[in-house]
Amino acid sequence: MKFDKTFIAQMNKKNVLDIIRTKGPINKSQIAKLAELSIPTVMKISDEFVEAGLIQATGKGESRGGKRPEMLELISNAYYMVGVDIGRSKTISIIMNLNGDILNKKVMKTGSTNPAGKLLDRVICLIDGTIQESGIPAQKILGIGVVTPGLIEKESDKIIFSPDFQWENVDIKTSIEEEFQMPVRIENSNRALALGEGWFGAAEHASYYICINLGHGIGSAIVEKGRFYLGNSGSSGEIGHMTLEKDGAVCDCGNRGCLEALASGNAIAEQAKKEIRNGRKTLIMEYVDDDIEKIEAKNVFDAAKMGDELAVGITDNAVGYIGIGIANYINLLDPEMIVLAGGMMNAGDFFVGKLERAIQERKMKFAGSKVKFEVSKLGADAAAIGAASLILRNFIEHGGSTRERRKNE
C-alpha cells in the first residue's frame, strides 16, 4: 500500500503543532514520544515552525542526567482568528489569538433577520469594526468563522433552514469572503459552542462529549475525538426538536410537542405570561416592574428561588422535560461527558441540581454510569470562541500552513 509522503508530512506537522499547543512548554524528546516520531523528525519540524515565527524556545527544562532540554511553546500572537456568533437577540464578534484569548469584542442587537441581506450588511460592519479596533493587520488574520442557528449544508456552507431566523437557502459566506478577502467558515452555533468548549473550555480533556445549549431555544452537538458527529445529512444533534408530546405546543420548526416548545427559555417565559394573563398572582411581576412583556426565563427562575408557586411549577415542569431529553441522549449514546451551556446556567445550582436529579430519575438503570456533567466555562462567548476555533482547527490540521490564507490575498 502506497502512502502519500506529502500527506504524511502534513499529518506529522499537525500532530507536533497540536502537542506544542496543548502541552507546551514541552521539549523535543517529549514531543517525539507523544507523536510517535523520531527525534530528528521532530527537530526538523520544530525548526520549520521556529523559522515561520509560530513557536519559540522558552528556557530550559529539568535535566534527567544530561543537558537541560530546550522547551518549546506556541507564540500565541503569531496569528489571529475572527469569530462571529449571530444569535437570536444579539450578535457577538471577537478577534482571538492562538491561545484562545479574546483581544477585542463587539456586540450588537441582532434585530430583524429578514431580509437576510440587511442583517448581513450590519454583520460585515461589526466584523470590520472588530478588526479595526484591534489594530491587528489583516495579513495576520487567518480567517473568519461565522455561526448561526439552523442546518448548514456541508459542501456549500449555505444555511439550508433556520427556524429561528425563518431563513431557507441563505448564503452569507460569499459576501463576507468578498468583503474581507480571507477564508470564511460557516457552522451551526451549537456545534461551534461545543467546539469552543472542547478546545478551550469544560470539555478540553474529553474525547467523546455532548454539549447542550439551554437558552432561548434548545440545541446540542455531539463531538467524538475532536470531530462533530454530523449524521448522513448533517442534521444530527437537534435535541430541541425531539418530540416529547404528540399533541403539544407548536414549535418554530412547524412540529408539535418539541422539547424546545415545552422547556426552552422562550417557552418558560411564554408560559408565565399566559398564566399571569389568566389571573395568576406571582412574584415574577416584581422582577419586571409589572410589565408583562419584559418577562424572561431568568425572572421566572428568580421567582422560583423565592418559592413562588407559579414559578416553581413552570420551572419544575421545564426541568422535567429537559431531564427526559438528556436521559434519552444518555440511553442512546452513552457519552463520556455532557456540557451544559446557555442562559439557563445563570440560575446556578438551583437549576443544575434539579436537572441532574431529573436525569437520574429518567435514564435507564446503569446507563451512562460514568458520564460526567460540566457547566460551560466560556459562558456567553462560547459560540463566538467556537466560531474562531473553526479557523484555528483548520490551521492546525494543515500543519500550521497559511497557504489557504495567502491564496485569498
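Two strands count as paired here if DSSP finds at least two bridges between them. Keep that in mind for the sheet in this predicted model.

So, the sheet. It is open and has 5 strands. The order is 14-13-12-15-16, and the pairing is mixed. Which strands sit at the edges? Strand 14, residues 227-228, and strand 16, residues 372-375. Each of these pairs on one side only.

Look at the strand 16 end. Strand 15, residues 337-341, runs parallel to strand 16. The two are joined by 4 bridges. For a register point, take methionine 337: lysine 372 in strand 16 stands opposite.

Now the helices. Helix 6 covers residues 189-200. Strands 12, 13, 14 and 15 are the ones helix 6 lies across. Its angle to strand 12 is about 125°. Helix 10 spans residues 309-333. Helix 10 lies across strands 12, 13, 15 and 16. To strand 12, helix 10 runs at about 165°.

Next, earlier in the chain, strand 3, residues 70-74. What does strand 3 pair with, and in which sense? Strand 1, residues 26-27, is antiparallel to strand 3, over 2 bridges. Strand 2, residues 55-60, is also antiparallel to strand 3, with 4 bridges.

Two residue pairs fix the register. Asparagine 27 has methionine 71 in strand 3 as its bridge partner. Lysine 60 has glutamate 70 in strand 3.

A general reminder while you have the view open. Strands of a sheet pair through backbone hydrogen bonds, parallel or antiparallel. Here, strands 15 and 16 show the parallel case, and strands 2 and 3 the antiparallel one.

Note on methods
Residues are numbered from 1 along each chain as its sequence is written. This is a predicted model: local features need pLDDT of at least 70, side-chain atom pairs count only at pLDDT 80 or more; totals for chains, interfaces and linings use all residues. Side-chain values use heavy atoms; hydrogens and water are left out. Contact means heavy atoms within 4.5 Å. Axes are lines fitted to C-alpha atoms, for helices over the stretch in contact, and angles run from 0 to 180 degrees between N-to-C directions.
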